[in-house]
Amino acid sequence: MEPLRRGYLSALAANIMWGVFPLYFRALRPAGAVEVLAHRIVWSLISVAVLLTVLVRWQVLRALVKDTKRLAGISVAAVFIAVNWGVYIFAVDTDRVVEASLGYFINPLFVILLGVLVLRERLRRLQWVALGVGTVAVVVLSVDYGRLPWIALTLAGSFGTYSLIKKRLGLPAGEGLFLESAVLTLPAIGYLVWLASRHQETFGTVSAWHTVLLAGSGLLTAVPLLLFAEAANRVPLSGLGILQYLTPTLQLVLGVLVFHEPMPPARLAGFVIVWCALAIFTWDAIRHSRQRRAEKAAAVEKTATAQPGLAV
């Protein structure tokens, strides 16, 4: 299979898996959101440890452990991804899948904002327009909900910040997830022990299938992440960005059609405004990418013309 096609298939599979997460987490009832989060952390650590053993990649991990600066960054990243996972599981458990999907729709816009505030990046005109339209959408949705859509904003903020930290750290997907899970594992185990001491745990007490599903949350976390890492090495950034909209779209469809969450006209209008902002953002990203490729090709051609020997 061609590398590009393999990359697109990996990205498609990862985003479909992320998109149907609500079905999986809803099946974990009656476990509460914090118990599910704790199991997800513990079983992610175990799943990735097995994977690293099979792939014989512990050597890379040993080098990372010796880098105290990177370990500090990993610890901060772990906190943000734990917040993201926890709020998302809570949203599914409390019938707010539609609002959770909004968080991942506005995530690209939040990343732009981070670029301005943290990296001091200068935005292009259409990026400012997309941010402005996105802000209008949040205002409309806040009026509809009667409150700030805090679940959506927390999901966008936590994942956007996590992505920024990960980008700066430049960690391999598997090793990064292992270390993040390792940072969170002791608190997760402590919570599970406390839950068991109060005889409130659901692991091993509800049904065999429920226990299997809780344990499977580790693979559920690791597999799409590794597929996406595979895709990131093969697919252009513009292609990855467009495919990432598949995840919140599937979540929105599940929320409305499967879980029958309300979608009043004002809320639908808010989502339409968000989609307009994303359309502007995507168009600008594709146009800028094409422009840069054209400029690069022109520079190469100019160099080759100036130095004919290079064209051989």
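This passage walks through the nonpolar cores, a few helices and some unusual backbone spots of a predicted model.

We can start with the packing inside. The largest nonpolar core counts 49 residues, and the members that touch the most others are Phe25, Leu28, Val36, Tyr88, Leu155 and Phe178. Quite a list of helices feeds this core with two or more residues each: H2 (21-26), H3 (33-55), H4 (58-65), H5 (68-93), H6 (97-117), H8 (150-169), H9 (173-197) and H10 (208-232). H5 hands over the largest share, at 11 residues. Set apart from this core is another one, made of 22 residues and including Leu141, Phe271, Ala277 and Leu278. As background, nonpolar side chains tend to be buried together in soluble globular proteins.

Phe25 gives a feel for the contacts in the 49-residue core. Once residues up to four places away in sequence are set aside, Phe25 touches Val36, Arg40, Tyr88, Ile89, Val92 and Leu220. Two of these partners, Val36 and Tyr88, are themselves among the members with the most contacts to the rest of the core.

Next come H5 and H9. Two packed helices are described by the angle between their axes and the distance between the axes. For H5 and H9, the axes come within 9 Å and cross at roughly 80°. An angle from 65 to 115 degrees counts as roughly perpendicular, so H5 is roughly perpendicular to H9. On the H5 side, the contact is built from Ile74, Ser75, Ala77, Ala78, Ile81, Ala82 and Trp85, while H9 brings Leu177, Leu179, Glu180, Val183 and Leu184.

H9 also holds Gly174. With a relative accessible area of 4%, Gly174 falls under the 20% cut-off, so this glycine is buried. Leaving out neighbours within four places in sequence, its contacts are Val48, Leu52, Arg57 and Leu226. Of these, Leu52 sits 122 residues away from Gly174 along the chain, yet the C-alpha atoms of the two are separated by 7.3 Å.

H7 (residues 125-145) passes a simple length check: at 1.5 Å a residue its 21 residues should span 30 Å, and the end C-alpha atoms lie 31 Å apart, which agrees. The buried residues of H7 are Gln127, Ala130, Leu131, Gly134, Ala137, Val138, Leu141, Ser142, Asp144 and Tyr145. Looking down the axis of H7, these buried residues fall within an arc of 155°, so they line one face of the helix. Exposed residues Arg125 and Val143 are carried on the face turned away from that buried side. One of the buried residues of H7, Leu141, also belongs to the core of 22 residues. Just past the end of H7, Gly146 adopts a positive phi of about 80°.

Finally, the backbone oddities. Most residues other than glycine have a negative phi, and most peptide bonds are trans. Against that background, Arg29 and Pro30 are joined by a cis peptide bond, with omega of about 15°; Pro30 belongs to the loop between H2 and H3. Two histidines have a positive phi. His199, in the loop between H9 and H10, has a phi of about 55°, and at a relative accessible area of 70% this residue is exposed. His260 lies in the loop between H12 (246-258) and H13 (265-306), where its phi is near 55°. His260 is exposed too, with a relative accessible area of 62%.

Methods
Residues numbered from 1 in each chain as written. Heavy atoms only, no water. Core = buried A, V, L, I, M, F, W, Y, C linked by side-chain atoms within 4.5 Å. Buried < 20%, exposed > 50% of the residue type's maximum accessible area, 1.4 Å probe, protein only. Helix = DSSP H or I, 4+ residues; strand = E, 2+ residues; numbered from the N terminus. Contact = heavy atoms within 4.5 Å. Expected span 1.5 Å × (residues − 1). Arc of directions from axis to C-beta. Axes fitted to C-alpha atoms, helices over the stretch in contact; angles between N-to-C directions. Parallel < 35°, antiparallel > 145°, perpendicular 65-115°, else oblique.
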